[in-house]
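Biologist: Please take one part of this model and go through it closely, starting at the beginning of the chain and following the path onwards. I would like to know how that part sits within the rest of the protein.

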Amino acid sequence: ANYKLNEFVKSGDQLIIHFWATWCGPCLDEIPKLYKYSEATYATNKNIKVLYIAINDKSELIDQFLTK
């Protein structure tokens with residue numbers, strides 16, 4: 001799908017971009033940690049956004065991973 005960054009991030013926001021893939025062990029290890037961090041941070045600072053970008057994967061693999 002095609003999206004524009006300004007659909008997610010507004011002026012003044014801070015953005016963390018996490019590139020990941022279902023076959024990347026370190027990436028998969030980072031996701032839960034980054035998610036916890038972003039949830040805790042977002043509670044006090046709504047200007048911090050985390051964007052997860054899956055690369056080199058078929059959408060079926062991504063969907064399977066996200067349902068776990």
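Modeller: With a relative accessibility of 52%, Asn6 counts as exposed, because the cut-off for that class is anything over 50%. Please bear in mind throughout that this is a predicted model. Asn6 belongs to the segment before β1, and its C-alpha atom is separated by 25 Å from that of Glu30, which comes 24 residues away along the chain. Lys10 can be placed in a similar way, since 25 Å separates its C-alpha atom from that of Pro32, with the two positions 22 residues apart in sequence.

From here the path leads into the part I would look at most closely, which is the unit formed by two strands and the helix that links them. Strand β1 covers residues 14-20 and strand β2 covers residues 48-54; the two run parallel and are joined by seven bridges. Between the strands the chain passes through helix α1, residues 25-42, and the resulting β-α-β crossover is right-handed. Two positions in β1 show how the strands are matched: Ile16 stands opposite Val50 in β2, and His18 stands opposite Tyr52 in β2.

His18 also gives a link from the strand to the helix. Its C-alpha atom lies 9.0 Å from that of Glu30, although the two residues are twelve apart in sequence. Glu30 itself is part of helix α1, and it counts as partly exposed because its relative accessibility, 38%, falls between the limits of 20% and 50%. Pro32 is found in helix α1 as well, and it too is partly exposed, because its relative accessible area of 47% remains between those limits.

The loop between β1 and α1 deserves a separate look, since it holds Ala21. Is Ala21 buried or exposed? It is buried, because a relative accessible area of 1% is under the 20% cut-off. If one leaves aside the neighbours within four places in sequence, Ala21 is in contact with Cys27, Leu28, Ile55 and Asp57. Of these partners, Cys27 and Leu28 have numbers that fall within the range of helix α1, residues 25-42. A further distance concerns Asn56, which is 35 residues from Ala21 along the chain, while their C-alpha atoms are separated by 6.7 Å.

To set this part into the whole, the secondary structure of the protein comes to two helices and two strands, and from the N terminus on these elements follow the order β-α-β-α. Of the contacts between residues at least 6 apart in sequence, 61% join residues that are at least 24 apart. Buried residues, Ala21 being one of them, make up 22% of the 68 residues. The C-alpha trace spans about 35 × 25 × 20 Å along its principal axes, and the accessible surface comes to about 5,400 Å², with 57% of that area belonging to carbon and sulfur atoms. As for charge, the protein carries 8 positive and 8 negative side chains, and 4 Å lies between the centres of the two sets.

Key:
Residues numbered from 1 in each chain as written. Predicted model: local features only at pLDDT ≥ 70, side-chain atom pairs only at ≥ 80, totals over all residues. Heavy atoms only, no water. Pairing = 2+ DSSP bridges. Helix = DSSP H or I, 4+ residues; strand = E, 2+ residues; numbered from the N terminus. Right-handed = clockwise from strand over helix to strand, strands pointing away. Buried < 20%, exposed > 50% of the residue type's maximum accessible area, 1.4 Å probe, protein only. Contact = heavy atoms within 4.5 Å. Areas by Shrake-Rupley, 256 points an atom, 1.4 Å probe, with all protein chains shown as cover. Lys, Arg positive; Asp, Glu negative; His and termini not counted. Charge placed at Lys NZ, Arg CZ, Asp CG, Glu CD.
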